[in-house]
Amino acid sequence: MENKNFNVEVHHVTRVEGHGNIYVNVKNGTIERCEWNISEAPRFFEAMVVGRQWSELHHITSRICGICSIGHTLASLKATEAAMGINISDQDLKLRKLALHAENLQSHVLHVGFLVLPDLMGVGSVIPLASSNPSEVKTVLGLHRLANEMSNLVCGRTTHPQRLIPGGFSKIPTMKELTALREKLKASVPALQAFAKLLQSLAPKIPEFVRETEFISLTSPSEYALYDGKIASTDTDAAPAREYLSFTNEYVVPQSTAKWAKHVRESYMVGALARLNINYDKLSPLAKKTAEMFGLKPVCHNPFMNSVAQLVEVVHSVEDSIKLINELEAAGLKRQPDYNVPEVHVKAGQDVGAVEVPRGILFHDYTYNEKGVCTKANCIIPTNQNHGNIELDMKALLPKILDKTEKEIELSLEMLVRAYDPCISCSTHAVKVHFI
Amino acid sequence: MKPKVAFFDFAGCEGDQLQIANLEEEILTLLGHVEVVSFREVMKEHSDNYDIAFVEGSCTRLQDEERLKQIRKNAKIVVAIGSCATIGGINSLKNHKDLVNVRQTVYGNKANLFDTYAARPIDAVIPVDAYVHGCPMTKEEFLHVVKSLLLGKKPEIPNYPVCVECKKNENVCAFERGQFCVGTVTRAGCNSCCVNEGTICWGCRGLVDNPNENSQKEVLIKYGLTVDDTINKFKLYFGWQEMKK
Amino acid sequence: MRIISKEDFNKFVNSLIKDNSLNVAGVKSKGNKFAFGQLESAGELRLDYDVTLLPPKKYFFPQRETLVTYDVANGYSAKDPAEIKPTVIVGVHPYDIAALLQMDETFRETKSDPYYSEKRKSSIIIGVNIQNMSKSCFAPQMGCATIDQGYDLMLTDLGNRYAITIGSHKGAELLEKYAQNVTDAIARDIQLVGQKKREIMSAATQKFDFETELIPELLSKSYEENGFWEKHAETCLACGSCVLVCPTCYCFDVKENPDLSLKQGERLRTWDGCLLEDFAKIASGENFRPTRPNRYRHRYFKKGKYLFDRFGFISCVGCGRCSSNCLPDIANPVNLFNDMYHEALNMGVKMVPPSEPEINIRTESKINFVPKLATIVKKVPMTANEMLFEIKLDDGSILNHKPGQFVEVSVFGVGEAPISVSSSPTKKETFQLCVRKMGSLTTKLHMLNVGEKVGIRGPFGHGFDTEFLKGKDLLFVAGGLGIAPLRSLFNYVLDNRDYYGRVTLLYGCKEPRELLFGEELIALEKRADVEYKPTVDWCPENEIWSGNIGVITTLIPQVNFDPETTYAIVVGPPIMYKFVIADLKKRNVPDDHIIISLERRMKCGVGKCGHCQINQLYVCKDGPVFNYSKIKGIPEAL
């Protein structure tokens, strides 16, 4: 091992969203360089929204990400609504929670089924699996389809959802449509179980790697927190969303157009694994059973298990969605006007909207003047918060696998990055901009 | 011989490529007609030998131009997908920021961060053969363009405003509801999906070939929007197209 | 007249809804407006509405409708027009009923449209007299605020009950089957209904300053009005709203929609609008109505003059939808015609109501939208861009076209395009098409091989009158691709040479390598009974040319002919006509001795979809061959 000399350079890691590079230099068995590098073009969203109206911000910030669009829109709406003292009805709250479940379902199924599964099955992509394992691929596609149908029904569409507006919804589904959706969700459980069994059969391929780190997510006393909650950490006490800056502490790093974050340790992790570690007891019954299939329980420090945590959350989302629709039915769905525009009293204010999107905790912080024009914005993306953890994990993993071939090392490092399900385009949404 | 296709992304949110994933089972049918040789989000393999290149995202840096030119060289047909690639998209919103008065305060030596210029659609850099507009594009229109290319014909996309589709869908016009819409000068093809969902048209598909912009601005002001807000509305997606005129 | 309580009326409607063999639609609220929609219960009905967003024409002429399906293996087949559930439409206002009656005539004139007529046949109209009139409505002025026919039942709201006027057996049977407690009206009810109708007549806030009978006359005096149309259309957004919401508009586009297998698909028609920019644009890029004032003017002329000349009605029922949907507010016919009237008065123009137009509405046959399969038996490239195809119909039949007619050619998955027949009908087993590679269809056609299939519909159009031309001297003038349709007549004449007098062919192209039918035409030089003169605009260095060099008009002085006995047949690009006709006139050729063939965007081929319309004529039906004297005064023709 002392004579090991090699370089690993993965330009634009595949099967992740956005552009990131892995750089590794090993000389005489010593690791000289081990870097996770972001080269994505910065997009300046926080500068773009300054000067725009409160009624436009959610439309613009939705475009930060095509996959977590619903999440960005909701975080944005929560920030605007909090800043201006706008309340939403209980019905709208439930519908928004359904929207987040739809997003989680869609994103996790896509990630585990299309992006992670090929590694576990030893192929380059899901495309050859379409011929070799057609029924498994059809299962994944069917679940993905259901998730999209759900977001179409509740939000208008998955990417850049039109129905989500300040104060509520421009249009809501009918009870008939919701009950039809509920039947479809119930009918998807066998497919979920088949998918879980498939993943369980591949579980031995999931690397066993542990590095202790801090986990941060939302938490709530009444539910598995996705839409509302306080910021929780496995290391410290919880705090309201307004205090996010004391958790995130973003800083710029030489090799990256995206910033890193840290709290009480050198880095921390957000995402499905973080949420599961913190809120395990709030998971739905079937979700807990699914976690048990993999021996996954808090606190798990193996980042590769993030994908399994995502599968567990998929099951939870399906069960909780059924519960939410039952509640809506019991309360009776209140109709609203076609082309609904909730009343908003525009005033100056500043506040924070925090939401869990598939990849982790997301913060939108807006400041408005008395005309309702945005004067300042700050968005902290989950993937930014993970960059530090990714690199430290890489640095810890590399020595353990130095005895493998270069190809195997490259694959292991890529799998590590993929396990985090990074959303790199979002994370390069901005750099700090100071106006003079 | 199945044509070889490749997918590329620049500065964008990847929402258009997600619409391709959203084709669900139809992906399998599509794979019967084409061979995917490069699609970074979904597969490891990559090849520079492709016939049709689908490009998402805007060109926002000088270094992106080289990549685009290489794609143009390799491909017989280049298709821009999504508003960022077809008209500059929401990225062009920052083009109007007075960059002289904005000083980027950066922590550390971030030379590459200064490498950014006015966000532009990819046809500002290379010739483009077909467009799938929209933010995001719809999978229906994507399939329409792909089917046309496979059948050897130039894809037909509308050159009339969203009003046509809105009226066919029997929507109540936004202006009749006290809201402000730019669908009158925006290219149709989305089936007025946003108005169908109860809101307005924001203009994400870009201007029609020959819009009567002055008339539309007058209409907005007549119905009560301030001059500043009217100008701002046009900057949201039309920034690059208006600059070009 | 009968009477029914509102409660019993609701029960009546609910029992209609319960019947699964019927579709029941009615006026419901939508946002702060109203629209016809599927009824789930009578409680949804809003019979007190002022106007619906879209007229009920959508039930008979839907926004989007499949006409034909195809399968590459089997060819094209019609979607069965009769495959529909009968629809009961509740709450149609008299002006919308008047519009449907107008549309009935436009859809059955000459060639009837089975898709429209089957739906009309199986539908049941329950009308309602207007209770609230919208601000922009001027139906009373158009004579459409009340109506005596076109409905199966007509309701008038009398407070706690409806008066029902029975309009047909169907209506009477409907009441019989589904309604309870229907009594006869008493004299009081009858008088009340009369009073309501009178109130409606005076409810309109929109008023014309003149008698509406004058409208066609007003328009005929205002076509070229200096700046009038430019002024009124300045803020036009070409958004198409005015025509899309109009109850009497029926222009449609036809599109191909292959499915993902690429082997099957459908052909569908969708609403189109003459205000839209590319409505009159053809594959070459030429747009016959390129400016907004052009198109804005066309709508008023079509409604107020062209359809009047053809059918005797002003194609507007005063519903006011165009007016209220126009954001720049330039679509109100009342404002426009009032302006026009006052300008005419100021200019001292004398106007009288138009005389009784000659109306001859008869149905000859049903429209056929389904192409027949045909095979490409031969394919010969003639120039870099033009290819001569020889086509044989698969069912063994003969096209039997007249020279000058065209066919609609279909290519699977791509669409359909009009191409004139290039061969004479004397050649029977096959026919020829000279195709220039221009747009999607012609490009794909060029790529097909011998043995591959195309679809053929037709022949369409008014061709050359070969009988009438017998015994006359013929001067053929062909410019560029114009030789293609001209050849169908030219070869016919040569095959029947004895029946015709002197025959001269003048043919001009840009340069030698663009000349079509090269060898065939060179052979003409050997004939004593034909005079053939070709010319090119110029000859590049690397090409050989010994003939005339100059535009086609340079050939005319070189020919001796007697204008009294000679008929000139001229076919070429739009720009050519003006100059050739001028030179022919200089030689004293009478107007009615000049015959031309025009090109426009043609979709249906039978004078329905509206795209080829030039003023009041349809190029696909009244042309493409026209006698110059007939179109001399038509501004949009040349």
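Which strand of chain C pairs with strand 4 (residues 64-71) of chain C, and over how many bridges? The partner is strand 13 (residues 264-271) of chain C, which runs antiparallel to strand 4 of chain C over seven bridges. Here a strand is a DSSP run of E with at least two residues, a helix is a DSSP run of H or I with at least four residues, and both are numbered from the N terminus; two strands pair if DSSP finds at least two bridges between them. Within this pairing, V68(C) has R267(C) of strand 13 of chain C as its bridge partner. Strand 4 of chain C also pairs in the antiparallel sense with strand 5 (residues 75-78) of chain C, over four bridges, and in that pairing T69(C) is matched with S77(C). Strand 4 and strand 5 of chain C make a hairpin, with three residues between them.

Before going further, it helps to know how the structure is described. This is a predicted model, in which local features need pLDDT of at least 70 and side-chain atom pairs count only at pLDDT 80 or more, while totals for chains, interfaces and linings use all residues. Residues are numbered from 1 along each chain as its sequence is written, and chains are lettered from A and ligands numbered from 1 in the order in which they are written.

The predictor's confidence in each residue is called pLDDT and goes from 0 to 100. For chain C the mean pLDDT is 94, and 100% of the residues reach 70 or more; for chain A the mean is 90, and 95% of the residues reach 70 or more. In chain A, pLDDT stays under 50 over residues 430-436, and the model has 22 contacts for this stretch beyond four places in sequence, a contact meaning that the C-beta atoms of two residues, placed from the backbone, lie within 7 Å. Where pLDDT is low, the predicted coordinates should not be read in detail. For the complex, the predictor gives an ipTM of 0.93 and a pTM of 0.93.

Chain C contains 16 helices and 29 strands, and its C-alpha trace spans about 90 × 65 × 40 Å along the principal axes. Its radius of gyration is 28 Å, which agrees with the value near 26 Å for a compact globule of 638 residues; the radius is taken over C-alpha atoms, and the globule rule is 2.2 Å times the number of residues to the power 0.38. Chain A has 15 helices and 12 strands, and its radius of gyration of 21 Å likewise agrees with the value near 22 Å for a compact globule of 436 residues.

One sheet of chain C is open and has eight strands in the order 3-2-6-8-9-10-1-11, with mixed pairing. At its edges are strand 3 (33-38) and strand 11 (183-184) of chain C, each of which pairs on one side only. Within the sheet, strand 1 (residues 2-5) and strand 10 (residues 161-166) of chain C are antiparallel and share four bridges, and I3(C) has A163(C) of strand 10 as its bridge partner. Helix 4 (residues 169-178) of chain C lies across strand 8 (124-128), strand 9 (153-157) and strand 10 of chain C, at about 65° to strand 9; such angles run from 0 to 180 degrees between N-to-C directions, with axes fitted as lines to C-alpha atoms, for helices over the stretch in contact.

Another open sheet of chain C has seven strands in the order 24-23-22-21-25-26-29, again with mixed pairing. Strand 24 (548-549) and strand 29 (625-627) of chain C are its edge strands, each pairing on one side only. Strand 25 (residues 566-571) and strand 26 (residues 594-597) of chain C run parallel and are joined by three bridges, and A568(C) stands opposite I594(C) of strand 26 of chain C.

Finally, chain C is divided into domain 1 (1-367), domain 2 (371-460) and domain 3 (473-597), with bounds that come from an automatic or database domain assignment. The centres of domain 2 and domain 3 of chain C, taken over C-alpha atoms, are 24 Å apart, and each of these two domains gives 14 residues to the contact between them.
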